[in-house]
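Visitor: I should like to understand the reasoning behind the terms applied to this structure. Please take me through them.

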Amino acid sequence: MTPASPHIQLRDWGLLVLLSVLWGGSFLFVGIAVKDLSPLVIVMARVAIAAAALLPLHLILIGPLPRDRETWQSIIGLSLLNNLIPFTLLVTGQTVIASGLASVINATTPLFGVVILAATGRETLVLRKTAGILMGVAGVAILKGGVWPDAGSQTIGILFCLGAAMSYGLGSLWTKLTYKGTAPLSMATGQLLCSSLVMVVLAFGFDDPGQLLRASLASWLALLGLALLATSLAYLIFFRVVARAGPANVLLVTMMIPVSAIAMGAAVLHEKLEPSEIVGTFVILLALLLIDGRVLRLLGPRKDAA
């Protein structure tokens, strides 16, 4: 008999809700920071502050960082696919679209993950997942409204956020190919350190980090929240839930993030979703539920144990 996935305890559900609020809050924090700061500077500050917070914790709890080449190859790839590309694309997208809408588009990450894993032969693309992918594509089209393609700012913002979701999907593949059981805290700390080095070069070479000196208090508080809460603390909670409930169960948080992001965007930034965006959001969430399959199994006929 195939082993069942770890059961999600009540405490783990609490951690999942907290994680969804932290990651949903990242869209709010970016929405505040982009009023004063450019995308490259925001991402540089995010990863640098988060790395500065996690490195001492790593040294205390684990000790020195790994030194073998295979581990660092995995870390560098994840730094690119899970930090540098998606963080930059999401922040850039949020310069032209609302934080709640960006969070909904980011929730399409599992759709890209399924397609990428199927295309590379790592997973079988069953009918249920195929239907979920098609429904997700329809949801994005509904979100956009109007005619595709066009060069409007909303279209550009959506495409940036879709690029970020695809990068996260590629990151899932890279993890399956290269992850060798290194301590999760080491992976997170290493990713953020690599990202910090690259973003410092990019920000100083192609932007003006002096913006940080002129930024408002609100932008600085948003940066600290983005780095310490939505990155450092969120990583720790994420890995805790993975250890307790398994990687399959922790993916449920993907479907919860838009709820908190939309609520915070409406409450703090006074953002409003258009009717087409509300419908598109529900279609995408239904697509994610279909791909996950858990709800269908719960609603299906129960087989009593002999």
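The following exchange sets computed values against the terms used for them.

Guide: Please note that this is a predicted model.

Visitor: What makes up the secondary structure of the chain?

Guide: The chain holds 14 helices and 0 strands. Read from the N terminus, the order of elements is α-α-α-α-α-α-α-α-α-α-α-α-α-α.

Visitor: What share of the residues is buried?

Guide: Of the 306 residues in the chain, 49% are buried, the criterion being under 20% relative accessible area. The chain exposes about 15,100 Å², and carbon and sulfur atoms supply 71% of that area.

Visitor: What share of the contacts with a separation of 6 or more comes from residues 24 or more positions apart?

Guide: Such residues account for 87% of those contacts.

Visitor: Why are helix 4 and helix 7 called oblique to each other?

Guide: Helix 4 (residues 99-106) and helix 7 (residues 153-178) pack at an angle of about 40°, and their axes lie 8 Å apart. Angles under 35 degrees count as roughly parallel, and 65 to 115 as roughly perpendicular. The angle of about 40° fits neither class, and the two helices are therefore oblique to each other. Their crossing is right-handed.

Visitor: Which residues of helix 4 and helix 7 meet?

Guide: From helix 4, Leu101, Ala102, Ile105 and Asn106 meet Gln154, Ile158, Cys161, Leu162, Ala165 and Tyr168 of helix 7. By class, this contact has 8 nonpolar, 2 polar and no charged residues.

How values were computed. Residues are numbered from 1 along each chain as its sequence is written. This is a predicted model: local features need pLDDT of at least 70, side-chain atom pairs count only at pLDDT 80 or more; totals for chains, interfaces and linings use all residues. Side-chain values use heavy atoms; hydrogens and water are left out. Helices (H or I, at least four residues) and strands (E, at least two) are DSSP runs, numbered from the N terminus. Buried means under 20% relative accessible area, exposed over 50%, partly exposed in between (1.4 Å probe, protein chains only). Contact means heavy atoms within 4.5 Å. Accessible areas come from the Shrake-Rupley method with a 1.4 Å probe; for residues, only the protein chains shown count as cover. Axes are lines fitted to C-alpha atoms, for helices over the stretch in contact, and angles run from 0 to 180 degrees between N-to-C directions. Angles under 35 degrees count as roughly parallel, over 145 as roughly antiparallel, 65 to 115 as roughly perpendicular and the rest as oblique. A crossing is left-handed if the near helix is turned anticlockwise from the far one by less than a right angle, and right-handed if clockwise. Ala, Val, Leu, Ile, Met, Phe, Trp, Tyr, Cys and Pro count as nonpolar, Asp, Glu, Lys and Arg as charged, and the others, Gly among them, as polar.
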